[in-house]
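These are my notes on the model, set out as numbered points. They begin with the interior, pass to the overall fold, and end with the backbone geometry.

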Amino acid sequence: MNQRIEHIDSIRAIAVLLMVMVHAAATWGPPSTTQPSLLVYIVSGMGGLAAPLFVTVFGWGCVRGTSTAKQRMIRASFFFVAQTAINLSSPHLFDPFSPGVLTLFGALILFQPLWLKPLQINQEKSNRIFLLVFAAMLLFATFCSTFMGPSDWSSRITTNGVGQWFEHALLTGTYPVVPWVVFAMLGAWIGIQGGHEKSYPQNPHSLALVSGGLACCAFTLVYAFHNELDWAAPTGDAMLTFFPANAPFLVAAITGVALIWLIVQNITIRGLEHLSKRSLSVYLIHFIPIGLFHALDESYSFSVWHSMAVIVMYTVMWIPIANAWGRLAPRRDIEHALAWLVKR
């Protein structure tokens with residue numbers, strides 16, 4: 001069994017906490033007509049890095065594991081079924097058969113030989129391979145954006161048939177393989193390049209990636225300010241859009257993920273190991289309360305601060321829940337069930 005790496009546990013736990021926060025904010029967040037506060041901007045900014053960090057950690061895990069084609073099929077099928085279960089538990093957010101981030105994980109597992117093997121086989125050229133794929137995704141997002149679908153939520157989750165499901169999973173959904181594969185490749189690149197103590201390599205190549213990304217973000221921010229544009233928004237007319245993931249967003253997200261990784265691996269964060277071990281379990285079950293109480297803010301007319309308090313408390317409470325879970329039922333979780341299925 002691979003020895004656990006403390007800062008990877010912290011990064012994986014932070015990733016799932018950010019995903020919980022994003023879905024809580026989408027459910028109980030303040031109305032769009034409300035004047036945003038500093039806390040709202042912080043939550044929104046960190047929320048924009050939730051999925052990129054989640055997918056990057058997934059890619060890091062892929063490069064450290066081995067599996068047969070049969071095992072990949074089982075794991076991918078599990079993720080596809082789990083995504084449908086999530087959709088059914090949160091009908092206010094998703095259509096029943098909308099592809100989502102777990103669909104992306106399943107697709108990446110199936111396509112693993114295509115995106116992971118080149119990095120593993122040519123480790124000495126992994127810098128070049130990752131940068132070429134990153135550049136290709138930026139060019140595609142810039143010049144072929146029409147293939148990525150419209151920038152509105154309903155169009156990206158509405159799935160009326162098998163053909164549209166495949167289209168959403170690959171190109172036009174919330175987390176399509178193109179261009180989100182680039183985050184999985186970033187995680188794999190980190191896993192190949194880094195060591196045990198410092199998984200994200202601190203060398204001129206990696207630090208240049210961060211510096212260049214910060215410079216691009218600064219440029220787009222100034223451009224948006226001078227042209228009276230929104231700098232970032234989930235959808236619509238903004239410099240950075242999440243749905244679809246446009247080129248400025250890809251640059252900003254990869255820069256943000258790299259910064260979080262660098263910061264966390266250089267500090268000590270305690271108490272997140274149990275959450276890290278059960279990140280998939282927490283991701284799956286956190287939708288149940290959200291689905292049951294999604295109208296809570298409407299019933300009680302939450303103010304901005306009420307909304308923010310509920311979002312933060314709902315996010316943070318999963319840390320003690322995971323700790324108690326790890327002590328009381330250490331082998332009763334989705335991770336162990338999936339491992340059992342794969343090894344059958």
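1. In this predicted model, W261 has a wide set of partners in sequence: beyond its neighbours within four places, W261 is in contact with H7, I8, I11, L53, T56, V57, W60, I190, S199 and Y200. W261 is also listed, with L53, L102 and W180, among the residues that have the most contacts inside the largest nonpolar core, a set of 103 residues.

2. H23 lies in helix α1, which spans residues 6-28, and with a relative accessibility of 7% it falls under the 20% limit and therefore counts as buried. When residues up to four places away in sequence are set aside, H23 touches F94, Y283, H286, F287 and I290.

3. M148 sits in the loop between α8 (126-143) and α9 (153-157), yet M148 is buried, its relative accessible area being 2%. Its contacts, not counting neighbours within four places in sequence, are with F140, A141, R156, L171, T172, P179, P244 and A245. For one of these partners, A245, the C-alpha atom is separated from that of M148 by 8.6 Å, although the two residues are 97 residues apart along the chain.

4. Two of the partners of M148, namely P179 and P244, deserve a check of their own, since each follows a cis peptide bond. The bond that joins V178 and P179 has an omega of about 15°, and P179 is found in helix α11, residues 177-193. The bond that joins F243 and P244 has an omega of about 0°, and P244 is placed in the loop between β2 (238-241) and α13 (247-265).

5. Two residues other than glycine should be looked at for their positive phi values. E228, with phi of about 55°, is in the loop between α12 (204-226) and β1 (230-233), and because its relative accessible area of 76% is over 50%, E228 is classed as exposed. S301, with phi near 50°, is in the loop between α17 (296-300) and α18 (304-316), and S301 likewise counts as exposed, at 59% relative accessibility.

6. As to the overall fold, the protein has 20 helices and 2 strands. Its radius of gyration is 19 Å, close to the 20 Å that the globule rule gives for 344 residues, so the protein is as compact as a globular protein of that length. Taken along the principal axes, the C-alpha atoms fill a box of roughly 55 × 55 × 45 Å.

7. Buried residues account for 48% of the 344 residues. Among the contacts between residues at least 6 apart in sequence, 78% join residues that are at least 24 apart.

8. On the surface and the charges, the accessible surface comes to about 16,700 Å², and 66% of that area belongs to carbon and sulfur atoms. The protein carries 19 positive and 15 negative charges, and the mean positions of these two sets are 18 Å apart.

Technical notes:
Residues are numbered from 1 along each chain as its sequence is written. This is a predicted model: local features need pLDDT of at least 70, side-chain atom pairs count only at pLDDT 80 or more; totals for chains, interfaces and linings use all residues. Side-chain values use heavy atoms; hydrogens and water are left out. Helices (H or I, at least four residues) and strands (E, at least two) are DSSP runs, numbered from the N terminus. Buried means under 20% relative accessible area, exposed over 50%, partly exposed in between (1.4 Å probe, protein chains only). A nonpolar core is a set of buried Ala, Val, Leu, Ile, Met, Phe, Trp, Tyr and Cys residues joined through side-chain atoms within 4.5 Å. Contact means heavy atoms within 4.5 Å. The radius of gyration is taken over C-alpha atoms; the globule rule is 2.2 Å times the number of residues to the power 0.38. Accessible areas come from the Shrake-Rupley method with a 1.4 Å probe; for residues, only the protein chains shown count as cover. Lys and Arg count as positive and Asp and Glu as negative; His and the chain ends are not counted. The place of a charge is taken as NZ of Lys, CZ of Arg, CG of Asp or CD of Glu.
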